[in-house]
Amino acid sequence: MARFGYARVSSTDQNLGRQKELLEKSGVDRIFEEKQSGANLESRPVLNELLNLLRFDDTLVVTELDRLGRKEKDLTYIINKVNEKEASLEVLNLPTTQTSDPALNKLINNLILELYKYIAESERLRIRERQKQGIALAKKQGKYKGRKKKYTKDSPQLIQAFKLLDEGYSIRKASESTGINYQTLRNYIEEYRK
């Protein structure tokens, strides 16, 4: 019966110190550290290693639920994985209710987790919406130019791609032949060949 702590920050210049301190105070046996974006589970090898390591009656401890992820789908996957292992999840900043009935404890904790998963997903969507609004406003004011385009109308790769398209190549084949990303090529077609 081991207690494993998991601490994550999104980038290498952020500090794990606060999370590690809280995890140590909670009495974990070992802390797994990761400096990776929570955008997708595949790019988080430390978390995946920890999920595979969990055994019956172990506990996965995190300081906040969003350290595991912000997407409802990812959180559901992680919680299901913990439950499959017959381990438990402890989130230090969430309220817990301990009764003498283990089944009731599990039910209450699952309800709390479902509520916080919904809140985390809603916050992620609000952040994206505010970001879109900020970009739209900056564009309107002429302050936002966006990312610099990789290709111009005169780029040899783009000229070659358009030539291939004129010869009857599909967008996918033209993309593969020139090394231009498929969606990028579609965007350039839309922009330059209306």
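Is Tyr 118 buried or exposed? In this predicted model, Tyr 118 has a relative accessibility of 57% and therefore counts as exposed, since the cut-off for that class is over 50%. Tyr 118 belongs to helix 4, which spans residues 102–140. On the surface, Tyr 118 joins Leu 115 and Ile 119 in a nonpolar patch, and the accessible area of these three residues together is about 320 Å².

The interior offers a useful counterpart to this patch. The largest nonpolar core holds 24 residues, and those touching the most other members are Tyr 6, Leu 60, Leu 68 and Leu 89. Two or more residues of this core come from each of strand 1, helix 2 (45–53), strand 3 (59–62), helix 3 (72–84), strand 4 (88–91) and helix 4. The most generous contributor is helix 3, with four residues. Strand 1 also holds Ala 7, which counts as buried because its relative accessible area is 0%. For a sense of scale, the C-alpha atoms of Ala 7 and Glu 190 lie 44 Å apart in space, with these positions 183 residues apart in sequence numbering.

Aromatic contacts come next. A pair of aromatic rings is described by the distance of the centres and the angle of the planes. Searching the whole structure gives two aromatic pairs. Phe 4 and Phe 32 make up one of them, in an edge-to-face arrangement with 5.9 Å from centre to centre and 75° between the planes. Because Phe 4 sits in strand 1 (residues 3–9) and Phe 32 in strand 2 (residues 30–35), this pair ties together parts that are 28 residues apart in sequence. Phe 4 is buried, at 9% relative accessible area, and Phe 32 is buried too, at 4%.

Tyr 151 and Tyr 188 also form an edge-to-face pair, with 5.9 Å between the ring centres and 75° between the planes. This pair links distant parts of the chain: Tyr 151 is in the loop between helix 4 and helix 5 (156–166), while Tyr 188 is in helix 7 (residues 182–192), 37 residues apart. Both tyrosines, Tyr 151 and Tyr 188, are buried. Another ring, that of Tyr 182, has the charged end of Arg 172 sitting over it, 4.0 Å from the ring centre. In the segment after helix 7 lies Arg 193, a partly exposed residue with a relative accessible area of 35%. The C-alpha atoms of Arg 193 and Phe 162 are 9.0 Å apart, although 31 residues separate the two along the chain.

Charged side chains add further links. Side chains of opposite charge can pair when their charged atoms come close. The model contains 11 salt bridges. In one of these, Arg 3 meets Glu 90 at 2.8 Å, N to O. Here too, distant parts of the chain are linked, as Arg 3 is in strand 1 and Glu 90 in strand 4, 87 residues apart. Glu 90 is partly exposed, with 25% relative accessible area.

A salt bridge of 3.1 Å, N to O, brings together the side chains of Glu 64 and Arg 18. Glu 64 lies in the loop between strand 3 and helix 3, and Arg 18 lies in helix 1 (residues 17–25), 46 residues apart. Glu 64 has 17% relative accessibility and so counts as buried, the cut-off being under 20%, whereas Arg 18 is partly exposed at 47%. Arg 18 and Glu 64 are also linked with Asp 66 and Arg 67 in a network of salt bridges.

Helix 1 holds a more local example, in which the side chains of Glu 21 and Lys 25 meet at 3.4 Å, N to O. These residues are four apart, about one turn of the helix. Glu 21 is partly exposed at 44% relative accessible area, while Lys 25 is exposed at 64%.

Finally, the backbone deserves a look. Most residues other than glycine have a negative phi. Asp 57, however, has a positive phi, near 75°. Asp 57 is in the loop between helix 2 and strand 3, and is partly exposed with a relative accessible area of 38%. Glu 86, likewise not a glycine, has a positive phi of about 55°. Glu 86 is placed in the loop between helix 3 and strand 4 and counts as exposed, with 52% relative accessibility.

Technical notes: Residues numbered from 1 in each chain as written. Predicted model: local features only at pLDDT ≥ 70, side-chain atom pairs only at ≥ 80, totals over all residues. Heavy atoms only, no water. Patch = residues over 30% accessible without salt bridge, like charges linked within 9 Å, V, L, I, M, F, W, Y side chains within 5 Å. Areas by Shrake-Rupley, 256 points an atom, 1.4 Å probe, with all protein chains shown as cover. Salt bridge = Lys/Arg side-chain N within 4 Å of Asp/Glu carboxyl O. Buried < 20%, exposed > 50% of the residue type's maximum accessible area, 1.4 Å probe, protein only. Phe/Tyr/Trp six-rings, centres within 6.5 Å; stacked < 30°, edge-to-face > 60°. Lys NZ or Arg CZ within 6 Å of the ring centre and 35° of its normal. Core = buried A, V, L, I, M, F, W, Y, C linked by side-chain atoms within 4.5 Å.
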